[in-house]
Structures are given as C-alpha cells and as structure tokens.
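Please examine the sequence and the model shown below. The paragraphs that follow begin at the ligand and then proceed to the sheet, the helices and one residue in a loop.

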Amino acid sequence: MSSTTHPPVTLTIAGSEATGGAGAQADLKTFQELGTYGITALTCIVSFDPKDDWNHRFVPVDPQVIADQLEAIQTAYDLGTVKIGMLGTPATIDTVAKALQSQAWTNIVLDPVLICKGQEPGAALDTDQALKAQILPLATFVTPNHFESMSLAGMDSIDSVEDLKEAAKRIHEASGAVVLAKGGVRLEGEDAVDVFYDGETMEVLRAPKVGDVAVSGAGCTLAAAITAELAKGATPLEAARTAKAFVTEGIRNRVSSHTPFDALWQGGAASGPAL
Ligand code: PXL
C-alpha cells in the first residue's frame, strides 16, 4: 500500500556551483538533511577555473528560462517558503522579483550574495543596487556576511560585536526583515559570532571557531537551514540557533578536495565523519 506524504516544501532560487560546495547544491543537501522537500530554480552556473586560481566563471541562465522554471514550480506547489541565493544580474533580479510578487509568502529568506568574483565590476554594482532596491524589501529574513553587512548598513568597517549589532539594527530598520548578521571568522576572538535582531530581540549567537579559514558553503547552508526550519514551523530565533549548530557540525566534518578551500558537509550534523 502506498500513500502520498506531505513534507514541508522549500524552494531555493540560486546558482549552481559546480564543485558542489556552495549554491543550489548546498541548499538542496541542507533541505534533504533537515527533512524538507527541496526544489530549485537555477539562476546561473558558476564553474571555478583551476587554471586561474580557482576564480569564478559565471554564466547567467536566460531570464526567460528562469521565469519558466518558476512558472512550473509555482504552478506545481502551493509554496510558503523560499530562499534566495545568488542572482547575479539585474535581468535575473527583475525576473525573480516578479515571481516573488506574484503570490503571498510566509518566509522569504535572502542570502544577499553581493559582488561575486568573476563578474564585471560595473555589472556587479548594478546587481548590488538592484538587489537592495527590488529583493531586500521583499525579504522576511536576511543573512548578510561581514562584507554584505557593511554594504547593506552603509558602514565603512565592522570590527567588533558592537559594530555587528549596529549593522543588524540598521539593516532591520531599512528592510523590516529579521536579520542574522554573520561575523564568521572575520571578527577576532575564539568564537564565530553572529548577531540576531528582529526589531525586539537582539541576541548574540556564539560557537567556537573551527579553524580560522572560511569554508565554502557555510553561508548558503546557514540560510538554507534557516529556510528549512522556518518551513517546519520554528520561530526565527529557533531557526537561527538550529542553523548555526548545523553549520558548526558541517564545518567540523568538512570535505577537502583539490580546491584551495574545504567545503562544509551537510551530513556532518547527523552522521559525523564518513567511515
Ligand atoms: O557562497 C556564495 C555562492 C553562492 N552561490 C553560488 C556560488 C557561491 C560562491 O562560490 O558559486 C552559485
């Protein structure tokens, strides 16, 4: 006998990172691991170039093809929760903004991936501005890293937890979204510190740093884990706490390859290192 099941459905609108560490691949693995049914609309394909110091080669997906994917997805499922990762061009941002505005959402989690290596500086600036103008105001939850926090908060430097709190406050006031501003390994000290602010609660989340080198996929995985937890009904603060623990275990059990950086392993939290 068989019957249909109804796991929470989570969509990521994100790019492919071919080596599997970041982007849509990281999002889908995270969704699976945390018990949601993962769906992707691909916005771009990033292929690191081993002949050029592993820099990004970036190819956008045609906006009509992005619109087609979203049409199929939004017609197939009654969605309430979406994660936005790398968009990469103003044309992609227009297309994604239209799709987001075409229905009501409970959760729009934005990982505000700003300027990406391998893009034209001029094009990247346009993209940065379009993301702030068209996508950030729609977000219910935003997860800027150190650099993105400075950019979104209009601050020249973030050197302390107090600075990170100020950034979280400014970004919340500008967007209305719940903010998790990530210090990661960029702030000095023993702990990887993130600041949560929802307009009322300001909470500093800490976990001991696992090494002091950033690991590929940590930002994508954190936002994807928040997305999955919100879809399962967690509060924003619970989702942030669970996501941070999931990322810490994924970094502890990271995967090395011939790239100069290791990749987080989404299976780390459940299984520990592979035998
Ligand atoms: O980690 C940011 C990121 C997001 N999405 C894609 C990427 C990267 C970084 O490499 O390639 C597709």
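**The ligand and its surroundings**

In this predicted model, the shell around the ligand consists of G15, S16, E17, A22, G23, V46, F48, H56, M86 and C220. Taken alone, the ligand exposes 310 Å², of which the protein buries 82%. An N or O atom in the side chain of H56 lies 3.0 Å from an oxygen atom of the ligand. Strands β1 and β2 each supply at least two residues of the shell, and β1, with 3 residues, gives the most.

**The sheet**

How are the strands ordered in the sheet? The sheet is open and contains 9 strands, in the order β3-β2-β1-β4-β5-β6-β7-β8-β9, with mixed pairing. At its edges are β3 (55-60) and β9 (202-208), each of which pairs on one side only.

The strand β1 (residues 9-17), already met at the ligand, runs parallel to β4 (residues 81-84), and 3 bridges join the two. Within this pair, L11 stands opposite V82 in β4. Strand β4 also pairs with β5, again in the parallel sense, over 4 bridges; here K83 stands opposite V109 in β5.

Are the faces of β5 (residues 107-110) covered or open? Both are covered. N107 and V109 on one side are buried, as are I108 and L110 on the other.

**Helices across the strands**

Two helices may be followed across the sheet. Helix α2 (residues 63-76) lies across β1 and β2 (37-49), and runs at about 160 degrees to β2. Helix α6 (residues 161-175) lies across β6 (141-142), β7 (178-184), β8 (191-197) and β9. The angle between α6 and β8 is about 30 degrees.

**A buried glutamine in a loop**

The last stop is Q266, which is located in the loop between α8 (236-252) and α9 (268-271). Why does Q266 count as buried? Its relative accessibility is 2%, and the term buried applies because that value falls under 20%. Leaving aside neighbours within four places in sequence, Q266 is in contact with A26, K29, T30, E33, T221 and F246. With one of these residues, T221, the side chain of Q266 forms a side-chain to side-chain polar contact of 2.9 Å.

How values were computed: Residues numbered from 1 in each chain as written. Predicted model: local features only at pLDDT ≥ 70, side-chain atom pairs only at ≥ 80, totals over all residues. Heavy atoms only, no water. Pairing = 2+ DSSP bridges. Contact = heavy atoms within 4.5 Å. Axes fitted to C-alpha atoms, helices over the stretch in contact; angles between N-to-C directions. Buried < 20%, exposed > 50% of the residue type's maximum accessible area, 1.4 Å probe, protein only. Polar contact = N/O pair within 3.5 Å; in protein donor to acceptor, adjacent residues only side chain to side chain. Near = heavy atom within 4 Å. Areas by Shrake-Rupley, 256 points an atom, 1.4 Å probe, with all protein chains shown as cover.
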